[in-house]
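Dear colleague,

Please find below the sequence and structure that I am handing over to you. I should be grateful if you would read the notes beneath with the structure open.

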Amino acid sequence: MLCTCSVTRNCVYIDKKTESHIKDRHFNPSVNNTQDPRQAFFYEDVFSPEQLFNRVIHELRNGLESHAERSGAECYACYVHFPRNIGFFPNQRHGPSVTSIVRVVCFYIVCQYCFGHCPSKVVAIYPWLPDEN
């Protein structure tokens, strides 16, 4: 069961260490990242890191978790879909790929009011390509 209590959901946050990691890893492509086909980058002209963080927090506080899937023992992975491409994977085997989907991984807590799962701390945000079937 997922939490629907606004008081609990308003506690979602991203700490400075995670913000720095996301900025360094996903907003600054470099020539050193040529080997990992899973490495993804955000287009800098779509939004700034701060705009991305604000959008993710807003989505989580307003029910994004209803589309969540379990990712580990105490985490959920959620997806934010944008109307245009927001990121790219430069090192795919079949050539560069683009995406309009952001994957958000966050810890959850059990709400003290409804006892449902509620996102708490965001641990990762990155462009996402769905599995090819």
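The notes that follow go from the overall fold to individual residues.

Please bear in mind throughout that this is a predicted model.

Overall architecture

The protein chain contains three helices and seven strands. Their order along the sequence is α-α-β-α-β-β-β-β-β-β. The chain has 133 residues, of which 44% count as buried. Its exposed surface comes to about 7800 Å², with carbon and sulfur atoms supplying 51% of that area. Of the contacts between residues at least 6 apart in sequence, 63% join residues at least 24 apart.

The nonpolar cores

The largest nonpolar core has 21 residues, and the members that touch the most others are Phe-42, Leu-60, Val-102, Val-104, Val-122 and Ile-125. At least two residues of this core come from each of α3, β3, β6 (101-110) and β7 (117-128). Helix α3 gives the largest share, with five residues.

Val-122 shows how such a core member is surrounded. Leaving aside neighbours within four places in sequence, Val-122 is in contact with Val-12, Tyr-13, Ile-14, Thr-18, Ile-57, Leu-60, Val-104, Val-105 and Cys-106. Apart from the largest core lies another, of seven residues, which include Cys-75, Ala-77, Ile-101 and Ala-124.

Aromatic residues

Eight aromatic pairs are present in the structure. In one of them, Phe-42 and Phe-47 are tilted, at 5.9 Å centre to centre and with 55° between the planes. Both Phe-42 and Phe-47 are buried. Phe-47 also forms a tilted pair with Phe-82, at 5.6 Å centre to centre and with 50° between the planes. This second pair links distant parts of the chain, since Phe-47 lies in the loop between β1 (41-42) and α3 (49-61) and Phe-82 in the loop between β3 (75-81) and β4 (87-89), 35 residues apart. Phe-47 and Phe-82 are both buried. Ring pairs join Phe-27, Phe-42, Phe-47 and Phe-82 into a cluster.

A charged residue and an aromatic ring also meet in this model: Arg-103 lies over the face of Trp-128, at 4.5 Å from the ring centre.

Cysteines

The structure holds zero disulfides. Cys-106 is in no disulfide, and the nearest cysteine sulfur, that of Cys-78, is 4.7 Å away. Cys-106 counts as buried because its relative accessibility is 1%, under the 20% limit for that class.

Why is the sulfur of Cys-114 not bonded to that of Cys-5? The sulfur of Cys-5 is the closest cysteine sulfur to that of Cys-114, but the two are 3.7 Å apart, which is too far for a bond. A disulfide would require the sulfur atoms to be within 2.5 Å.

Loop residues and a strand residue

Gln-112 is located in the loop between β6 and β7. Its relative accessibility is 60%, so Gln-112 counts as exposed. Gln-112 and Cys-5 are 107 residues apart in sequence, while their C-alpha atoms are 9.5 Å apart in space.

Asn-85 belongs to the loop between β3 and β4. With a relative accessible area of 36%, Asn-85 is partly exposed, as the value falls between the 20% and 50% limits. From C-alpha to C-alpha, Asn-85 and Tyr-43 are 8.3 Å apart in space, with their positions 42 residues apart in sequence numbering. Tyr-43 is also one of the residues that Asn-85 touches; the others are Val-46, Val-98, Thr-99 and Ser-100, not counting residues up to four places away in sequence.

Ser-97 is found in strand β5 (residues 97-99). Is this residue buried or exposed? Ser-97 counts as buried because its relative accessibility is 11%. Not counting residues up to four places away in sequence, Ser-97 touches Gly-87, Phe-88, Phe-89, Gln-92 and Leu-129.

When you look through the model, you may wish to begin with the largest nonpolar core, to which α3 supplies five residues, and then turn to the cluster of Phe-27, Phe-42, Phe-47 and Phe-82.

With kind regards

Note on methods: Residues are numbered from 1 along each chain as its sequence is written. This is a predicted model: local features need pLDDT of at least 70, side-chain atom pairs count only at pLDDT 80 or more; totals for chains, interfaces and linings use all residues. Side-chain values use heavy atoms; hydrogens and water are left out. Helices (H or I, at least four residues) and strands (E, at least two) are DSSP runs, numbered from the N terminus. Buried means under 20% relative accessible area, exposed over 50%, partly exposed in between (1.4 Å probe, protein chains only). Contact means heavy atoms within 4.5 Å. Rings of Phe, Tyr and Trp (its six-membered ring) pair if their centres lie within 6.5 Å; planes under 30 degrees apart count as stacked, over 60 as edge-to-face and the rest as tilted. A charge sits over a ring if NZ of Lys or CZ of Arg is within 6 Å of the ring centre and within 35 degrees of the ring normal. A nonpolar core is a set of buried Ala, Val, Leu, Ile, Met, Phe, Trp, Tyr and Cys residues joined through side-chain atoms within 4.5 Å. Accessible areas come from the Shrake-Rupley method with a 1.4 Å probe; for residues, only the protein chains shown count as cover.
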